[in-house]
Amino acid sequence: MTGRRDEDGPMEVAQQAAHWFARLLDDAATGDDWLDFETWLAAAPSHQAAYARLEGLWVELDEVADAVAAALDAPVSLDARRAARARPTLSPPAPPRSTLSRRAWLAAGAGLAASVAVGAFTIANWPNSPVETYVTAAGQTRQLTLADGSKVWLNAASRLDVRFQRGARRVQMADGEAVFDVTHDPSRPFLIDTGDREVRVVGTEFNIRQRADAFALSVRRGLVEVRPSGAPDATPTRVPAGQGLSHRKGSAQAVIAAAEPEAAFAWTRGQLVYSAAPMNQVAADLSRSLGTPVQVADAATGRLRFSGVLALDDKDALLRRLEAFAPVRAERGPGGVVLHRR
Amino acid sequence: MTDARSALLAAYLERRGDLTRFFTLRLKSAAAAEDLVQDIYLRIAAVEPSVEVRNAAGYLYRLGSNLMLDRIRGERRSAARDHEWRDNHRTLIGSDEVSEDPSADDAVAARQRLAAIVAIVSELPEQTQRVFRMHKFEGLSHAEVAQALGISRSAVEKHCMTVLKRLAERLN
């Protein structure tokens, strides 16, 4: 469809632009269609001009819509329109996407995974294996494959103590955040103790965050059981996929709510996702993820709410983005970054 | 089980880079594209969870493109306001200034343009007119138009393309 771009005359370009415009008016146009369109658009400045012209016309048509519609025939039946409107947006099925892709694990974790002993044989011979400790510094994340094949992606400034026993796989994480993709093994539950809550899994994928007094769990796949730490007989709360549980240390109640696993897992892609999060939480996350202290100048700044996605690619770009999207000014000093309310 | 917001958020996080690159090309400005892509995120957060979205990536591109169109609309409106203000102002200044296109002429030009649009569209085959009207003025999706008229989706696309092409050729 894109044609021989270099040689296309204005008529051909106009034709192609109209084709793309009409194609993309259809809400069934897929992400790939848009990528193809981008390729066409980037091929020549004349393509962009032709397309922009159609956009201008399209907008102009809105302004004269009533007059044009009146000048044309009587409108199509209102019932058809209502029926159409009553239904929510419809689009064709997109191919199912795997969640945390195996490829990502393999690609990013290959180096580490290779250095860790893997296999049932090893585990069977560790009736009371020693504690393995994994630590990440601020600004550093790490992917691990544990001896049972379970995968752990450890966020910055986190510590994990792992001990595999005959009847249980035990992990302690008193301060940290990690995504777990736990290998299915009904005979040996996987137990994660954060000091506040204990999470029991058989085989599933989820993110746990224990920072200061706040515990948060988001489950992407499977089912997870949560109990207060040190209370193995307490009735567990079961958290299914798509749900999350949060608890504040000392509180009598845990809150279960629909979770956004994608947001909770976003750090594994180098992104931080916020929806009306207080700025002091954002600052604390940035301190851990950037490896540079980030603080708020005062309590009022700390209470500002932030919604947005911050990509952890480049520190300066990230701070610029934060300044653009939140009413703060980032002051860079020798001791780190201080956020001031604007 | 996955609601619209989660699906859109997942697609957004995966395609954020693609979207930023695409809108940088469209807007010819990396900063403007960043703003727009951030705006897309805020819109996702406001999406009703009950809405069913089965083509999340396409939805995001469309959402961003609509935000762009909204901006074009805003610019056109403020340009029209500026124009009006300048014309009024000019009359106050008096006869020193040569009014090349005073408001009265604008109104005439707008009428002529509307007449031209109507003429172009009404010369098109009836089915093309019908498709165009249903999609553009009555807000039906391509699938809905296709169903209502008993034609294929690609036929709907072709009719829309014909209208656009003709308008682009004949209007200046």
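## Where the two chains meet

In the contact between the two chains, 73 residues come from chain A and 67 residues from chain B. Keep in mind as you read that this is a predicted model. Interface size is often expressed as the accessible area lost when the parts come together. Here, chain A and chain B bury about 6,800 Å² between them, and carbon and sulfur atoms account for 61% of that area.

The interface also has polar and charged pairings. There are 22 residue pairs in polar contact between chain A and chain B, counting pairs with both residues at pLDDT 80 or more. On the chain A side, the element that gives the most to the surface touching chain B is helix 3 (residues 45-63), with 14 residues. Sorted by class, that side of chain A holds 43 nonpolar, 12 polar and 18 charged residues.

## Salt bridges across the interface

Side chains of opposite charge can pair when their charged atoms come close. Nine salt bridges are found across the interface of chain A and chain B. One of them joins Asp26(A) to Arg153(B), with 3.1 Å between the closest N and O atoms.

Which residue of chain A pairs with Glu157(B) in a salt bridge? The partner is Arg23(A), and the closest N and O atoms are 3.6 Å apart. This pair crosses between chains, running from helix 7 (residues 153-170) of chain B, where Glu157(B) sits, to helix 1 (residues 10-25) of chain A, which holds Arg23(A). Glu157(B) has a relative accessible area of 14%, so this residue counts as buried. Arg23(A) is partly exposed because its relative accessible area is 21%, and the cut-off for buried is under 20%.

## A closer look at helix 3 of chain A

Does the length of helix 3 of chain A fit or miss what its residue count predicts? With 19 residues at 1.5 Å a residue, this helix should span 27 Å, and its end C-alpha atoms are 28 Å apart, so the two values agree.

Helix 3 of chain A also has a long list of buried residues, among them His47(A), Gln48(A), Tyr51(A), Leu54(A), Trp58(A) and Leu61(A). Two glutamates, Glu55(A) and Glu60(A), are on that buried list too.

## Chain B in outline

Chain B is built with seven helices and zero strands. Along the sequence, its pattern reads α-α-α-α-α-α-α.

Of the 172 residues in chain B, 44% are buried. Among its contacts with a separation of 6 or more, 56% are between residues 24 or more positions apart.

## Charged pairs within chain A

Over all chains, the salt bridge count comes to 34. Within chain A, Arg209(A) and Asp285(A) form one at 2.9 Å, N to O. Arg209(A) belongs to strand 9 (residues 205-211) and Asp285(A) to helix 9 (residues 279-290) of chain A, so this pair ties together parts that are 76 residues apart in sequence. Both Arg209(A) and Asp285(A) are buried.

Another salt bridge in chain A links the side chains of Arg332(A) and Glu323(A), at 3.9 Å from N to O. Arg332(A) is partly exposed, with a relative accessible area of 41%. There is also a network of salt bridges that links Asp181(A), Glu205(A), Arg220(A), Arg221(A), Glu262(A) and Arg269(A).

## Two buried residues in strands of chain A

Ile208(A) lies in strand 9 of chain A. With a relative accessible area of 0%, Ile208(A) is buried. Leaving aside neighbours within four places in sequence, its contacts include Met173(A), Phe180(A), Ile192(A), Val199(A), Phe215(A) and Leu217(A). Ile208(A) and Ser246(A) are 38 residues apart in sequence, while their C-alpha atoms are 9.7 Å apart in space.

Arg197(A) is found in strand 8 (residues 197-201) of chain A. Is Arg197(A) buried or exposed? Its relative accessible area is 13%, so Arg197(A) is buried. The side chain of Arg197(A) makes a polar contact, at 3.3 Å, with the side chain of His247(A). Not counting residues up to four places away in sequence, Arg197(A) touches several other residues, including Ile192(A), Phe215(A), Val226(A), Arg227(A), Pro228(A) and Ala254(A). Ile192(A) and Phe215(A) are thus listed as contacts of Arg197(A) and of Ile208(A).

Terms used: Residues are numbered from 1 along each chain as its sequence is written. Chains are lettered from A and ligands numbered from 1 in the order in which they are written. This is a predicted model: local features need pLDDT of at least 70, side-chain atom pairs count only at pLDDT 80 or more; totals for chains, interfaces and linings use all residues. Side-chain values use heavy atoms; hydrogens and water are left out. Contact means heavy atoms within 4.5 Å. Buried area is the accessible area (1.4 Å probe) that two parts lose on being put together, summed over both. A salt bridge is a side-chain nitrogen of Lys or Arg within 4 Å of a carboxyl oxygen of Asp or Glu. A polar contact is a pair of N or O atoms within 3.5 Å; within protein, one must be able to donate a hydrogen and the other to accept it, and residues adjacent in sequence count only if both atoms are side-chain atoms. Helices (H or I, at least four residues) and strands (E, at least two) are DSSP runs, numbered from the N terminus. Ala, Val, Leu, Ile, Met, Phe, Trp, Tyr, Cys and Pro count as nonpolar, Asp, Glu, Lys and Arg as charged, and the others, Gly among them, as polar. The expected span of a helix is 1.5 Å times one less than its number of residues. Buried means under 20% relative accessible area, exposed over 50%, partly exposed in between (1.4 Å probe, protein chains only).
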